[in-house]
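Please open the structure in your viewer and keep the sequence panel beside it, so that residues can be selected by number as you read.

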Amino acid sequence: MYNVYEIRKDFPVLSELVNNKPNVFLDSAASAQKPLPVLNRMQEIYNHHYANVHRGIYHLSEDITASYEEAREIVKNFINAASSDEVIFTRNATESINLVAATWGRKFLRAGDEVLISQAEHHANLVPWQMLRDEIGISLKVFPIADDGSYLEEEYLKYLTPRTKLVAVTGMSNVLGTIFPLKKMAKQAHQNGALFLVDACQYIVHNKTDVQDIDCDFLAFSGHKTYGPTGIGVLYGKYKILDSMPPYQTGGDMVDTVTYEKTTFMPSPARFEAGTPAIVQAIGLGEALKYMKNLGMENIKAHEDELVSYAKSKWENVKGLTLVGTAPDKGGVFSFVVDGIHPSDLAFVLDKEGISVRTGHHCAEPLVHRMGYETVARASFGLYTTREDIDALLPAIRKAQKMFL
């Protein structure tokens, strides 16, 4: 049985007081809290097992290299990749997408080729393609979403043309919570001759993710959103594609042979992991994914789906409160505005009540503008979120309304 109150004991920060109020943390979409097994494992590595990986022929180095590569295997199993060689450790999903743009994009795209994204993209899956457009003359196409934030298949297919070489989309919007039908979209992209990339930062936290079932060519996510540490991310890529891509950065540990005249490079994943990697962070990510797997992704999803339904019932028809993004297929991300109160002012009042929400454009400025706003507040859920957290929001909003209106 999924006992959220027992699970919360693994997250010490959630029992801390914020401004002398219970900690209501509703910003997991920005960065999730870390459970004790992750924190303890990382501290254990620093205390008893730390050395550099892949280089040393001595016990500590061999020991931590095994742990580092075990983390890669955990990621491989978590996303059901065909091989651990398809798992590249990066700093975060942003670097993962930039890696694809800078290597695969520069090598294989030509002027006039099209990259297709949705209106719901984070800047990390927009700006790299804009830069590639300006550099080599590709065309960047953006297919529309509905006014409620829903995916529109007819618009996707309309924008999918013979010139489309890559479709790059979010699996779940970090502003709207909209979940995209990735498997069907990937099939349609492949039928059109295009590759398919998924920004899975939000999706992978809330949904069981099987890259072979989706049949995506690339998938990116960040450790800090999956209850792991910052400074670590993952790029999954089909091995045949990775093997055709040049290095992203060069330096130690990614070379095969080096002379003053010529250098040859290692195959994936080493080719894309130049220099000393985020060793302890990768091991921490592995521990975080083990934690999620032990809870059961189906159980986490069922818990969060129940919270989404509960939040909708509580928040949908509140006078003066407008939810931004009400797609039927939606995860635990709720952007909202309160009439007459700037989101930053609202967040200030909520913080005094111990409630943490995010405000701004959430690194998706064009999307927020498309929805008709300059800035919005956002409440987002994690595997530790409770009904009580949801219940705490409305009284705090009413207090802000009394102060400002």
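The tour below moves from strands to helices and ends at the surface. Please bear in mind throughout that this is a predicted model.

**First stop: strand E7 and its partners**

Begin by selecting residues 164-170, which make up strand E7, and notice that this strand is mostly covered, with six of its seven residues buried. Next add residues 114-118, strand E5, which runs parallel to E7 and is joined to it by three bridges. If you want one pair to look at within this arrangement, pick Val115 together with Leu166, its bridge partner in E7.

Now add strand E8, residues 195-199, which is also parallel to E7 and is joined to it by five bridges. Here a useful pair to select is Val169 and Val198, the latter in E8, since the two stand opposite each other. To follow the chain between these strands, select residues 182-191, helix H7, through which the path leads from E7 to E8 in a right-handed β-α-β crossover.

**Second stop: a hairpin**

Move on to residues 255-258, strand E11, and residues 263-265, strand E12, which pair in the antiparallel sense over three bridges. The connection from E11 to E12 is a hairpin of four residues, and Val255 can be found opposite Phe265, which belongs to E12.

**Third stop: two buried helix residues**

Select Glu155, which sits in helix H6, residues 153-159. Is Glu155 buried or exposed? Its relative accessible area is 16%, and because buried means under 20%, Glu155 counts as buried. When its neighbours within four places in sequence are set aside, Glu155 is in contact with Phe143 and Pro144.

Then select Ala400, a residue of helix H15, which is buried with a relative accessible area of 0%. Beyond its neighbours within four places in sequence, Ala400 is in contact with Ile341, Leu346 and Val349. Of these partners, Val349 is worth labelling: although Ala400 and Val349 are 51 residues apart along the chain, their C-alpha atoms are separated by 6.1 Å.

**Last stop: a patch on the surface**

Finally, select Met403, Phe404 and Leu405, and switch to a surface view, where these residues form a nonpolar patch with about 330 Å² of accessible area together. Leu405 lies in the segment that comes after helix H15, residues 387-404. With a relative accessibility of 61%, Leu405 counts as exposed, because that class begins over 50%.

Technical notes
Residues are numbered from 1 along each chain as its sequence is written. This is a predicted model: local features need pLDDT of at least 70, side-chain atom pairs count only at pLDDT 80 or more; totals for chains, interfaces and linings use all residues. Side-chain values use heavy atoms; hydrogens and water are left out. Buried means under 20% relative accessible area, exposed over 50%, partly exposed in between (1.4 Å probe, protein chains only). Two strands pair if DSSP finds at least two bridges between them. A crossover is right-handed if, with the strands pointing away from the viewer, the path from the first strand over the helix to the second runs clockwise. Patches are made of residues with over 30% relative accessible area and no salt bridge: like charges are joined within 9 Å, nonpolar side chains (Val, Leu, Ile, Met, Phe, Trp, Tyr) within 5 Å. Accessible areas come from the Shrake-Rupley method with a 1.4 Å probe; for residues, only the protein chains shown count as cover. A salt bridge is a side-chain nitrogen of Lys or Arg within 4 Å of a carboxyl oxygen of Asp or Glu. Contact means heavy atoms within 4.5 Å.
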